[in-house]
Structure formats: C-alpha cells, structure tokens
Amino acid sequence: MLRPLQGVTMSEAIESLLKENRRFEPPTDFARQARVSSREAYDAMYRESLDDPDTFWRRETSALVFRTPWTKVLEWNLPHARWFLGATLNVTESCLDRHLSTATATKTALLWEGEDGSTRTVTYAELHEKTVRLAGALKQLGVQKGDRVAIYMGMVPEVSVAMLACARIGAVHTVVFGGFSADALRDRIHDSQAKVVITQDGASRRGQVVPLKATVDKALSQPEAKSATHTIVYRHLGSERCRIDMKEGRDAWWDDVLASAPASCEPEIVDAEHPLFILYTSGSTGKPKGVLHTTGGYLAGAHVTSKYVFDLREDDIYWCTADVGWVTGHSYLVYGPLSNGATCFMYEGAPNYPDWARFWRMIEQHKITILYTAPTAIRACMRQGDTWPAKHDLSSLRLLGTVGEPINPEAWVWYHQTIGGGRCPIVDTWWQTETGSIMMATLPGAVAAKPGSTGLPFFGVAPDVVTQEGDPVGANQGGLLVLRKPWPSMFRTLWQDDERFRQGYFSTIKDCYFTGDGARRDEDGYMWVVGRIDDVLNVAGHRIGTAEIESALVSHPAVAEAAAVGRPDDIKGTALVVFVSLRPGSTAGPELRDKLAEHVAKEIGRFARPDLIRFTDALPKTRSGKIMRRLLKDVASGRESTGDTSTLEDLGVLAKLRQDQE
C-alpha cells in the first residue's frame, strides 16, 4: 500500500533536484510527417480531451469496433469510474477481425526471434485463426464469460494467442510473469480462482532451460491452487531439451486441443466495463494485489497512446522489449499495437546473450524502426561502451522510447546519440500498472525533449504536483504527483479488495488519485518524475531522494549504474549507501571512491555525500531489468532477505554482494 510522507513536504524531499537545461528539438523531417506536428496542435487536442471528452474519444476510437455505441462518456463517483456507458464490444474484433477484410490480413502481426536465433512470423489472419481455435478449446474445457484463466508462459507468440483467446470468450486472463516462483504462481491462482492454467514446457534464458511446466506442477500440487482443474501445455523446447510430466485428466497439449477445437468461435460481446484482465503487482510480500482493468476504457487508452506516442506507421517494425507478464507487455506488445494493425517484434531471450551485440544485431537484421525499452537496459548497454552498437547498422530506427523508471540525463543522451544517431526523437514515458496506458510523454514531432523529463500529459490526463495537504505548488517546486481527473484506462479496483483500492490510492490526497511518486513541473509544463516517495531518505535531518543521488553518480564519466539505499545509523538516523557499477576502463579503488563522493557533494550538496560507496560488477535486477533496491537495503543493513526473490535475473549477484561484505 502506498504510504504518505509523515511530517514533510516533497519540496523538502527533493530540494536539491538536479537541473537539466538541454533541449532536443524534433527533427524537421520527422515533425513534418508526425501525427501531431506542433505544440499548438498538441495544445488544441489536449484542451479538447479535457473540455469535450465525448467528442474527443468518439473520434479517436473510431477505428475500434464497438457493437453498441456509448450513450454517456463517463460516470465518476469517486473513486470509481465507469467509461463509455452502454457501449458493448469484444477487444479481439478491434485487434484481429477488423483487419481481415483489408490488406492487413496478410501483414505480419508478430515477428519472433528465439534465443537460439530461430525466427517465426505470424500474420494477422494466422493470429486470428489460432486465437479462435484456442478460444473454442477453452470453452470445451468449461471456461465461461467472467471465469479467470492464468497464463504462465515465456516470450513466444502463443502467449499473445492465449491472452486474445481469453478475451474472445469474455474470460478474464491473469498473466503471471514466467520468472515467478511456484509459490507466487500458486498465490495468484488462488486469489483469482483461475479455472485453467495455460503454460509451456519450458523457456530459454541465457542458453538454460526455464522449467515452466514443472513450476506449474509444483504450484498445482498445493491445495490453495485447487481451483485450476485443467492445464494447456504448449510444446516449445521439445522433449530433448525439456522433459515434462503430463497428468492424465488435467494436462493437455496445446496442439491437441487446437486440433479438436471448432474452426470458428464467435466473440462474446461484453459491456465496456466487463473485466478484461487482472495483473498482480510484483514483489509483494503479503497478499497479492490484483489490479483489475476493464474492456472498453483500457482498449481505448492502449490504442490511442500507441498511435500517437509511437507515431505508428503502416511500415513500422515495432519492438517493445518488455515481457508480456508486465503491464507494458500487455498494453504495448499486444493490445495497443495490434489494435493499430502494427507489426510487433518479440524476442525470447536475454539482451546480452550470447553477447552485448544481441539487441543491435536484431535491429539491423529485422530493420526495426521503433525501440521501446527500459532505462536499466540502456544503462547496462551504455556501460559496455559504444563498440557493440557501432558494429551494426541501426539506420532503420526512427523513434526511441523509454519506460519503467526515471532515466538519467546522461543515459538519455547516450541513447539519443549512440543508438539513435542523433536523428531519432525519444519519447520518455511515465505510467503505471494501475493507469493501464501512458500518462505522460514527449509526443514525437510535437515538442522538444528534455533529457530526464517525462514531458507533457497525454490527452485526457490531468496531473498536478501538490503538497501533502493537496495544495498545488509552483513551477520547479517539488511535490506529490497526483491525477485530478479519471481517464479511460484507469484500473477500476483491486480484485476482491475494494477497501484496499480506496485506502491505497485515494485516501492520501483529497479527491485525487495519488501516484506514490514525487515530481516537479517546470515553467514549460514539463513533468520531472523523481521516483517513489518511499525512496526518500532522512539523513541527519535532510530529505534526500535516491533518484537524484543516482543521477548525480551516473553523470560521472566512470559510472555506468548506481543504486542508492539507506541503512540504520545511530547518529544520522539513516546512512546513505550507494552501489556502483563502473564503465569499461574505470578502476575501482579508494581514489575513485573519494572522487565519486566529492562529485555527489558538488552536484547536490555536502549533506548528500554518501557514507559508503560499494563497487560491484552487477546490481541485482529482475528479468524485466528493474534494480531490486529492497534487496540492496537488506545487504547494506546486514539483514537476510525475507521477501520474494523469484524474479531475480541472477541470484549469484546477490550472493556475491553478501560475500564481498563479509
């Protein structure tokens, strides 16, 4: 649950926020052809989206298939919103069926590359056929409208088929990230009361087998998961690489159920507010928190943001590197791009396998035009230097994007210059699992980008920066980031826990959705999100945001990545500990440690000088690339980690950090 700050304002917490004054105007040629080509055009559309939402959303969703149009655009009874009242639809008609009568039917919907280098293409017509057959198979297993289906798969095209098949029959899917443990999977099956689990024999990661079916077996062996009476297993690796046990009466092979399923399955037409999916937030040590998204509003948000933020074109090869187990994969690998008829690239493996050229080699080979990835991945690649990307032709790229956490300005500039060749606009995006779609971005072609800023609010979004009492703060003053108006893709509640929904998101700031983030808004209206308020440390009476410490360190030419955490201190209350990974050519040692500490002091202030700097070859990260600062806090404090570590990319990193400390 989100926690309000006690007795302090965010202005105090981020008083020393680093200033970034560089501006990068959109290339003239890009702006000339962009869907939104000027600040004036953006301002006009933005005003309309707030002042006349009915007109705005009717026009912007005109390509989507609503069987029944809405009679009222919004009903808002804080904290609950209902969008597009009276409308009915099925999302698969917008993502698949509507393309079948056009040339898009034979266009590649999914372009896939496995970690071993093998490739597959799936056209829109083929994706439709697979979806329809799996939907029919689910119905044969007794899945009905409103039932829940758990999906525990790797990055293969069939995971998209599984999601769409659930939507086809009005079932509610809950995709569980393939890095989660059996216990985490069990908890999600239990909370959602899923009737069926769709999985695969195994996935490939850094040349090793990830035993997905075996994990499902372990989860289903526990009484808490008894609701799941059937599993469908996709054979991906084959028996030579991944031997599995099939339980008679419960387990069925994917190919077999599709072969016996009917060739047609009419879409279940549902109300716009019918649940589409539940997505459980990761890293929780208590009861899983199931974020519930509904059909019409979520699709509208994913569709319109995909179209404008990525400036999608007919010939784009679009790559969102996120795993489909996270909301980014839901919105910007499946529903958003497919509803726009885009070609989506999907990659199964690790970004540095077998070497650090993997991303750049695939971009060159497949002529990828749009790359949407996480700052963590950018910093990791930056750490390896310019040699790897320099070996490959990246000229096909026309647009870059970032997602997941605030990006350090130096990483932004490296991304822009080294990967984008200085010609590609960068859209830095801010949003959350709960928001469903992008809330803020620098629309390419419309406005200049400022490294580190999430830009301007997207259409229909009304953010504000306020004190803890809810009063707006002035330009360039820090505060709490809130959203004052409902938006179509907002989550409707937490699954079976509406009180937690109310208290966690709408009780901190009166009449507002509290994001849990701190931010400032500059004189041009650009937002600068500085991270979770949970990541604000009280060091000897000074409030220090960990994001600003990390930004200061990464701005030093020797530093590739940094993570700042606090540990208890008898004198200061909290001591500041930073973990630092260096760029090639830099040498760890007392001299550099002193230089980095002085660098932070110079950039922010003496009060922010770290108490301890620890050098490390790698930081503990999830497979989606996020640094697990919770574990670093445990390391810094000398505590054993009791929370969930099932999503860690490499447990050896954590073990080495503890060993080095001894």
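**Group meeting: a walk through a predicted model**

Leaving aside its neighbours within four places in sequence, Gly 296 is in contact with Phe 84, Leu 89 and Ala 272. I start there on purpose, and I should say at once that what we are looking at is a predicted model, so please hear everything that follows with that in mind. Gly 296 belongs to helix α11, and because its relative accessibility is 1%, it counts as buried. If you want a distance to check on your own screens, the C-alpha atoms of Gly 296 and Val 327 lie 17 Å apart in space, while the two residues are 31 apart in sequence.

Let me step back to the whole chain. The protein has 662 residues, for which a compact globule would have a radius of gyration near 26 Å, and the value for this model is 24 Å, which agrees. Taken along the principal axes, the box filled by the C-alpha atoms is roughly 70 × 55 × 50 Å. The secondary structure amounts to 21 helices and 33 strands, and 63% of the 662 residues count as buried. Looking at contacts between residues at least 6 apart in sequence, we find that 72% of them join residues at least 24 apart.

As for the surface, the protein exposes about 24,200 Å², and carbon and sulfur atoms supply 47% of that area. For those of you who think about electrostatics, there are 76 positive and 83 negative charges, and their mean positions are 0 Å apart.

Now to some individual helices, beginning with α6, which covers residues 124–140. This helix has 17 residues and reaches 24 Å from its first C-alpha to its last, close to the 24 Å expected at 1.5 Å a residue. Which residues of α6 are buried? They are Tyr 124, Leu 127, His 128, Thr 131, Val 132, Leu 134, Ala 135, Gly 136, Ala 137 and Leu 138. In reading such a list it helps to recall that an α-helix has 3.6 residues a turn, so residues three or four places apart point the same way. Just after α6 comes Gly 142, with a positive phi of about 95 degrees.

Helix α14, residues 375–383, is largely enclosed by the rest of the structure, because eight of its nine residues are buried. The buried set includes Pro 375, Thr 376 and Ile 378, as well as the two arginines Arg 379 and Arg 383. Just after this helix, Gly 385 takes a positive phi of about 90 degrees.

In helix α13, residues 358–366, the buried residues are Arg 358, Phe 359, Trp 360, Met 362, Ile 363 and His 366. Here it is Lys 367 that has a positive phi just after the helix, at about 55 degrees. Ahead of α13, in the loop that runs from β18 (343–347), we find Pro 354, and the peptide bond joining Tyr 353 to Pro 354 is cis, with omega about 0 degrees. Another cis peptide bond leads from Leu 78 to Pro 79, with omega near 5 degrees, and Pro 79 sits in the loop between β2 (72–77) and β3 (80–85).

Two further backbone positions deserve a look. Asp 311 is not a glycine, yet its phi is positive, at about 50 degrees; it lies in the loop between α11 (295–309) and β17 (317–320), and it counts as buried because its relative accessibility is 3%. Asn 476, also a residue other than glycine, has a positive phi near 65 degrees, and its place is the loop between β24 (463–466) and β25 (479–483). Is Asn 476 buried or partly exposed? At 29% relative accessibility it counts as partly exposed, because the cut-off for buried is under 20% and that for exposed is over 50%.

I would like to finish with a strand residue, Val 559, which is found in β31 (residues 559–569). Its relative accessibility is 0%, so Val 559 counts as buried. Not counting residues up to four places away in sequence, Val 559 touches Leu 553, Val 554, Val 580, Ser 581, Leu 582, Arg 583 and Leu 596. From Val 559 to Phe 615 the C-alpha distance is 10.0 Å, with their positions 56 residues apart in sequence numbering.

Key
Residues numbered from 1 in each chain as written. Predicted model: local features only at pLDDT ≥ 70, side-chain atom pairs only at ≥ 80, totals over all residues. Heavy atoms only, no water. Helix = DSSP H or I, 4+ residues; strand = E, 2+ residues; numbered from the N terminus. Rg over C-alpha atoms; globule rule 2.2 N^0.38 Å. Buried < 20%, exposed > 50% of the residue type's maximum accessible area, 1.4 Å probe, protein only. Contact = heavy atoms within 4.5 Å. Areas by Shrake-Rupley, 256 points an atom, 1.4 Å probe, with all protein chains shown as cover. Lys, Arg positive; Asp, Glu negative; His and termini not counted. Charge placed at Lys NZ, Arg CZ, Asp CG, Glu CD. Expected span 1.5 Å × (residues − 1).
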